[in-house]
Amino acid sequence: MRNLEIATLFHEIADLLEIKDDNAFKIRAYRRAAMNLESLTEEIEAVAARGGLADIAGIGKDLAAKIRQALETGRMAYLDELRAEIPRGVVELMAIPGVGPKTAKLLFQQLQVDSVETLESLALQGKLLGLPGVKQKTVDNILKGIQVVKAGRERMPLGRALPLAHELVRILEQLPEVRQISLAGSLRRMRETVKDVDLLVTSAQPAKIMAVFTSLPQVSEVLLQGETKATIRHREGIQVDLRVVEPDCFGAALQYFTGSKTHNIRVREFAVRKGLKVSEYGVFQEATGTRIAGAGEEEVYNAIGLPYIPPELREDAGEVEAALEGRLPHLLTLSDLRGDLHAHTNWTDGHHTLEALIEAAQRKGYEYIIVSDHSRAATVAGGISEEKLLEQIGRIRALSKKYPKIRILAGSECDILADGSLDFPDRALAQLDIVVCAIHSRFKQDRAGMTARIVKALSNPYVHIFAHPTGRLIGERDPYDVDMEAVLAAARQYGKALEINAQPSRLDLNDHHARQAKELGVKLAISTDTHVLDQLDNMALGVAVARRAWLEKADVINTWPLDKLLTWAHKSRPKVA
DNA sequence: GCCGTTTTCGGCCCGACTGTTTTCAGTCG
């Protein structure tokens, strides 16, 4: 059993306890434990083996025992008892917007509703009317909510949500009534997928903002509208929440509205212990009600006695503790990057010439750019033969005279074959400056086979970077079955870098694994895997993943100057005669 | 159920909006 599986069991216990109307703080304890397990970078089995379960935040004696039981028996007796009491389908009712634990319990007890389908049929027959607190409007909302569930409320990838959100910001900031505007929520924290877009505006005239916002052409439906808060459905499907506050509350509101929810709870608990109250309106002294901060976000953190915590870290994954102990990371920024270490050209499946790639990289101010086209096994991507590769290397060397201001690195995105050998022989790899390796075939290999395949590739002295290490495509393809612990250990042993692929559909490694890599001392490369020149701009998404992974400049090899990068790249190579 | 340079017991974040109510419970973030 892995961390996420145990977390899921705890979440289910919390759901069931909510329906039973159990102690709210007990429920929160289960949820917090689940979330801490989700952000834990060490394997839970390893933690249990060294007797460290109770050291995990939010896990005490009782939950540690439940984790051990699950690890040993594959079951959790307490959860089994709860499941026997309340059918699975009742929990699923809570997925309907507007239906929470109280309503689910009411429906189950009064009408024996135990599935979304049953609920829909009873609602259509008018049989919900007459339940306490249920009139036609509630029935309508439930039916509407069921449609939302059926449509599948999938989360939108960051790379799609960001441009759409920036468009709304550009429109709203034109309004003279808008003083300040910012993205908030999970989008500001740069999570890889988002459920909705959160916008925060300060204005002395909220009514005007509300009116304009809810009647934008991008709005397909107004879901909720109050005096200072509105929720709409964007024509591209995602929900957008807008909140308007007074200008002097901007910092407090931004802090509150950025979340995460668990981070905020953490911060507010900490404030309470200091006799302070934090809300979206400011930081107040509990005793006197005096407001001591609110206009700026940094000021809000400082008033509570914390340094500013960057949005990407606000997941209650140890950042508050790190802030208190003065060991927050100095997160890397986009401008720290000196080059791109994964890019294609029209020699394989890129859409541009070598020269166009070089010139685009130069315009970005890069010190170096790699040319890493596909190897012969990647037939669908037009992979090139060894002869063609040598020809390309010659071309690159010739072009470096034409472009003296940027170093053109000869590279390859070389396939890792099913047996773990590389698609080019060592004699060819030895000609390259940087070798990127990747898996593009035989995704369905079993776990042991896939792990051995990758570990073998990483042991090759000519390999430098392992690209998109899990192979997942967000929302499309699951990662291949591989023991990431073993891959990370091999990367450390052989001194290889793992890639954070910045393609919006990949973001691979993800934030979790990248943080794990850093903790093990494995270096990362943030690369765009550019096929079309515009994609060089995706670097910002890769940086977002890196920041969420607590990465600093020193952790990322393409922040290094060229000479340091090349020294690192060539130190493991056998000396050629 | 967790947790403690105030506490091993008694706390545990805070407010907006909706639908149903004449003051509030439920839901959401």
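**Chain A: overall fold and the surroundings of R268**

**Figure 1. Secondary structure of chain A in the predicted model.** Chain A holds 24 helices and 17 strands. Among these elements is helix 14, which covers residues 261-273.

**Figure 2. Dimensions of chain A.** The C-alpha trace extends about 85 × 60 × 50 Å along its principal axes. The radius of gyration is 27 Å. A compact globule of 577 residues would come near 25 Å, so the value for chain A agrees with that expectation.

**Figure 3. Burial and contacts in chain A.** Buried residues make up 53% of the 577. Take the contacts between residues at least 6 apart in sequence: 68% of them link residues at least 24 apart.

**Figure 4. Surface and charge of chain A.** The exposed area is about 25200 Å². Carbon and sulfur atoms account for 52% of that area. Chain A carries 75 positive and 78 negative charges. The mean positions of the two sets lie 2 Å apart.

**Figure 5. R268 in helix 14.** R268 sits within the helix spanning residues 261-273. Its relative accessibility is 26%. R268 therefore counts as partly exposed, because buried means under 20% and exposed means over 50%.

**Figure 6. Contacts of R268.** Leaving aside residues up to four places away in sequence, R268 touches Y256, V278, S279 and E280. One of these partners, V278, is 10 residues from R268 in sequence. The C-alpha atoms of R268 and V278 are 5.8 Å apart.

Definitions and conventions
Residues numbered from 1 in each chain as written. Chains lettered and ligands numbered in written order. Predicted model: local features only at pLDDT ≥ 70, side-chain atom pairs only at ≥ 80, totals over all residues. Heavy atoms only, no water. Helix = DSSP H or I, 4+ residues; strand = E, 2+ residues; numbered from the N terminus. Rg over C-alpha atoms; globule rule 2.2 N^0.38 Å. Buried < 20%, exposed > 50% of the residue type's maximum accessible area, 1.4 Å probe, protein only. Contact = heavy atoms within 4.5 Å. Areas by Shrake-Rupley, 256 points an atom, 1.4 Å probe, with all protein chains shown as cover. Lys, Arg positive; Asp, Glu negative; His and termini not counted. Charge placed at Lys NZ, Arg CZ, Asp CG, Glu CD.
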